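Student: Could we go through the empty spaces and the aromatic rings in this one together?
Tutor: Yes, let us begin with the spaces and then turn to the rings.
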Amino acid sequence: MTSGPSGVREHGAGPVARFAPDDPFAGLPGWLWNSGPCRALCLVLAVVMGLGLAGKAVTNQVTETWVLVENRVSLARYLDGTADRPFMHRVLMPGLVRVLEAGIVRPGLLPAPVRAQMAKFCPLATATPRASCDSVIAYLLAGGAACFAYLMLMGACVWVMFRLPWLALAAVPAAYLLTNAIILLRVSHLYDFAVLAGGAALMLAMLAGRPLAFTLLLPLALLTKETLAMYVGGFAWTWLGRLPWRRVAGWVAAQTAIFLAIYIAVTRSFRANPGGAFESYLGGQLRFLADKIDLSALLLICVAGVLVFHDVAAKPRVLRRMAVMIPAWGGFFLLGCYPGELRNIFEILPLLLLLAIDTLAVLILGPGVRRLGEGPGAAAP
């Protein structure tokens, strides 16, 4: 067997595999890491694992947080349209719950054992007004489906970045563990898993280099939470220099028009609800950070910062450019998040997790592990 200067390993009549010069897998048989059977097995395992972890995550959400307890944003008030603003502006998940309740739960399409298991959570809905058991079961289905979509989309993002099925598989429990740790801080809202799925879907479109897919997915993301509009800024910065500026401006203009149309329509629909379009907690947030950030918290923040930003100049272009959202989110967090409410990081958690996975993969396996395909993420600086 010989290896030419192009990195193509030859055997007999022609090439059998292609490796980068610093590929950490160059000495391994392909079936060990990237064959068809390996990809199929990893996909099956990811789906099975994703279903189980999604069920566990939504169970933890309803048992360990206030999602079924807080009165002003109770499940029943979301479903009848009377929840406080700005929470009522997040209409995708309540709409999905209503659809599932009317089309699956009430007609009795769920198997009796499944319904009986889910009905065990109905007494947890103690908020006033109290949600029906059918509504709780429908939410468990909707929240579980959104969490499953998020986990699968994160695996797909890692697949696009590295083309390694086992690494994409590992992203599924990694995404669950980080998300579940935040859920267990005991603060959550009905739309949290949908926000994660929306952000992951937009990141996948960016990694794949699909501006049309990004634009088509954007309305669903905005109906989940209006602040996901910050992804439009990441889109513009990522594609600038990869496409003629007029085309970038055209895409951004279309996306901005979509945002304005959705935001105006939703806010007008619920203008009579209590609350406002924005809640400011800047003073309380600053006091919380001053009082609660101790040495252990600082060390944890430093470790997270290293994982996310290590050798950021060498990261794929799409991750570097989309990181423009991080300071934007920081501003939203200081201004509009309830003091200490870390769950608001869900808006950019898919990006942060992908940055950290890239760091860990490169530190453990070397820079040759990156295999991001064509698209904005493949471009050199």
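Tutor: A cavity here is a set of points on a 1 Å grid where a 1.4 Å probe fits but cannot get out. Please keep in mind that this is a predicted model.
Student: OK, so how many cavities of 30 Å³ or more does the count come to?
Tutor: By that rule there are two cavities of 30 Å³ or more. The largest cavity holds about 50 Å³ of space, and the second largest has a volume of about 40 Å³.
Student: Which residues line the largest cavity?
Tutor: Its lining consists of His89, Leu222, Glu226, Phe259, Ile262, Tyr263 and Val266, and by class that makes five nonpolar, one polar and one charged residues.
Student: And which element gives the most to that lining?
Tutor: Helix α10 gives the most to the lining of the largest cavity, with four residues.
Student: What about the second largest cavity, what lines that?
Tutor: The second largest cavity is lined by Trp66, Val67, Glu70, Val73, Tyr78, Ser188, His189 and Leu190, a set that divides by class into five nonpolar, two polar and one charged residues.
Student: Switching to rings: how many aromatic pairs does the count come to?
Tutor: The count comes to five aromatic pairs. One of them is formed by Phe235 and Trp239, which are tilted, with 6.4 Å centre to centre and 50° between the planes.
Student: Where do Phe235 and Trp239 lie?
Tutor: Both lie in helix α9, which covers residues 230-239, and they are four residues apart, about one turn of the helix.
Student: Are those two buried or exposed?
Tutor: Phe235 has 0% relative accessibility and therefore counts as buried, and Trp239, at 6% relative accessibility, also counts as buried.
Student: You saw Phe259 and Tyr263 in the cavity lining; why is that pair called stacked?
Tutor: Their ring centres are 5.6 Å apart and their planes are at 20°, so the pair is stacked, given that planes under 30 degrees apart count as stacked. Phe259 and Tyr263 both lie in helix α10, residues 245-269, four residues apart, about one turn of the helix. Phe259 is partly exposed, with a relative accessible area of 23%, and Tyr263, at 27% relative accessibility, counts as partly exposed too.
Student: Which residues form an aromatic cluster?
Tutor: Phe214, Phe235 and Trp239 form one aromatic cluster.
Student: Last one: what lies over the face of Trp237?
Tutor: That is Arg321, at 4.1 Å from the ring centre of Trp237.

Methods: Residues are numbered from 1 along each chain as its sequence is written. This is a predicted model: local features need pLDDT of at least 70, side-chain atom pairs count only at pLDDT 80 or more; totals for chains, interfaces and linings use all residues. Side-chain values use heavy atoms; hydrogens and water are left out. Rings of Phe, Tyr and Trp (its six-membered ring) pair if their centres lie within 6.5 Å; planes under 30 degrees apart count as stacked, over 60 as edge-to-face and the rest as tilted. Helices (H or I, at least four residues) and strands (E, at least two) are DSSP runs, numbered from the N terminus. Buried means under 20% relative accessible area, exposed over 50%, partly exposed in between (1.4 Å probe, protein chains only). A charge sits over a ring if NZ of Lys or CZ of Arg is within 6 Å of the ring centre and within 35 degrees of the ring normal. On a 1 Å grid over the protein atoms alone, a cavity is a set of points where a 1.4 Å probe fits but cannot get out, and a pocket is an open set with protein on both sides within 12 Å along at least five of seven lines; lining residues have an atom within 4 Å of a point. Grid points are joined across faces, edges and corners, and a volume is the space filled by probe spheres set on the points. Ala, Val, Leu, Ile, Met, Phe, Trp, Tyr, Cys and Pro count as nonpolar, Asp, Glu, Lys and Arg as charged, and the others, Gly among them, as polar.
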